[in-house]
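Trainee: Could you walk me through this one? I'm new to it and would like to go feature by feature.

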Amino acid sequence: MARIYRWGIIGAGNIAGAFAQGLSVLPNAECYAIASRDEEKAASFAQKHGCKKYYASYAEMLEDPKVDIVYVATPNNLHYTHTMMALEAGKHVLCEKPFAITCEQAMAMMRTSRENNLFLMEALWSRFLPSVIETKRLLDSGEIGNPLLLQAEFGIHPSYDPNSRLFDPKLGGGSIPDIGIYPIFLALYLLGEPISLDIESVPAPTGVDMTTTIVMKHKEGRMSVLTSSFAFDLESDAKITGDAGRLRLARMFHIPTKLMLRRNMDEAEVEIPLNLEGNGYNYEAQEVMRCISEGKIESDQWSHQNTLRLLSIVEQAAKGAFLNL
């Protein structure tokens, strides 16, 4: 029989709940334990998602020898601390995006995983979604000719609260690390590293970026225009236009969504069939368990180097917002 991997989750917020739901469709995964500083919240989470254990202490959960893999789902500013705690406790780790606040933190996390021979990956779940993988396959097969322009946006309009995780710089706030990371990821995955980039930000009163647009130039005359914002709602789709057609990842492009193809601009869009399972979080979890079963400490589909390339742009954009304040 295939090994059953027991997952422990640090943080009992909404994304932790979605991840636990994703685990429920995987026959080789068990949502075994949840840790939250709020014991009542941990108990409620455990009951809802069928966890065998719940803890009011992160350290106590990490001492549990039955926990094989830890999913870090705490606020952005705590990813480094909690990932390091888990690695030092001998646990494999899937850490929610953004992986860290700085590349310096990320490299320390990666170094610790290597020193302890433990798997570590950023939870960039979109990388493993069938819609995104099929988009890449269609581009590489020349379905729309030479892909020349990527336009990707993500905009929501939350109420402004300077103390919330979205706007407080101490909590790693800003539109780029929270939602802008998805358009940036898509550009890097589909078109490769930029040969140049320009970042323009409008800051929130706290100094984090409220709205940011990034223009990247890629090889072979390709360009990506990427926008994220907390100031207004956007369609939050992604379009890749080539010299022989267009692909469109429908709203919201970063989650399991429709993939539309237009072979030339005179034809109607047609929907590309996709075989979707679960809520989408199951795909990244399955990749983690596959890699661990093969003795790997990083994924070749979303490597440590991929994370550093992405985070370097996120970090640049975050600093740029403060400079424009």
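Mentor: Let's begin with a term we will need: buried means under 20% relative accessible area, and exposed means over 50%. Please also keep in mind that this is a predicted model.

Trainee: Okay, so which residues of helix 8 are buried?

Mentor: Tyr-281, Asn-282, Tyr-283, Glu-284, Ala-285, Glu-287, Val-288, Met-289, Cys-291 and Ile-292 are buried in helix 8, and with 10 of its 13 residues buried, the helix is mostly covered.

Trainee: How far apart are its end C-alpha atoms?

Mentor: The end C-alpha atoms of helix 8, which runs over residues 281–293, are 19 Å apart, and this agrees with the 18 Å that its 13 residues should span at 1.5 Å a residue. After the helix comes Gly-295, which has a positive phi near 75 degrees.

Trainee: What about helix 5, which residues are buried there?

Mentor: In helix 5 the buried residues are Cys-103, Ala-106, Ala-108, Met-109, Met-110, Thr-112 and Ser-113. Just after helix 5, Asn-117 takes a positive phi of about 55 degrees.

Trainee: Switching topic, is Glu-40 buried or exposed?

Mentor: Glu-40 counts as exposed because its relative accessibility is 67%, and this residue, which lies in helix 2, helps form a negative surface patch together with Asp-38, Glu-39, Glu-60 and Glu-63.

Trainee: And where is Gly-174?

Mentor: Gly-174 sits in the loop between strand 7 (147–155) and helix 7 (175–191), and it is buried, with a relative accessible area of 0%. From Gly-174 to Leu-188, which is 14 residues away in sequence, the C-alpha to C-alpha separation is 20 Å.

Key: Residues are numbered from 1 along each chain as its sequence is written. This is a predicted model: local features need pLDDT of at least 70, side-chain atom pairs count only at pLDDT 80 or more; totals for chains, interfaces and linings use all residues. Side-chain values use heavy atoms; hydrogens and water are left out. Patches are made of residues with over 30% relative accessible area and no salt bridge: like charges are joined within 9 Å, nonpolar side chains (Val, Leu, Ile, Met, Phe, Trp, Tyr) within 5 Å. Accessible areas come from the Shrake-Rupley method with a 1.4 Å probe; for residues, only the protein chains shown count as cover. A salt bridge is a side-chain nitrogen of Lys or Arg within 4 Å of a carboxyl oxygen of Asp or Glu. Lys and Arg count as positive and Asp and Glu as negative; His and the chain ends are not counted. The place of a charge is taken as NZ of Lys, CZ of Arg, CG of Asp or CD of Glu. Helices (H or I, at least four residues) and strands (E, at least two) are DSSP runs, numbered from the N terminus. Buried means under 20% relative accessible area, exposed over 50%, partly exposed in between (1.4 Å probe, protein chains only). The expected span of a helix is 1.5 Å times one less than its number of residues.
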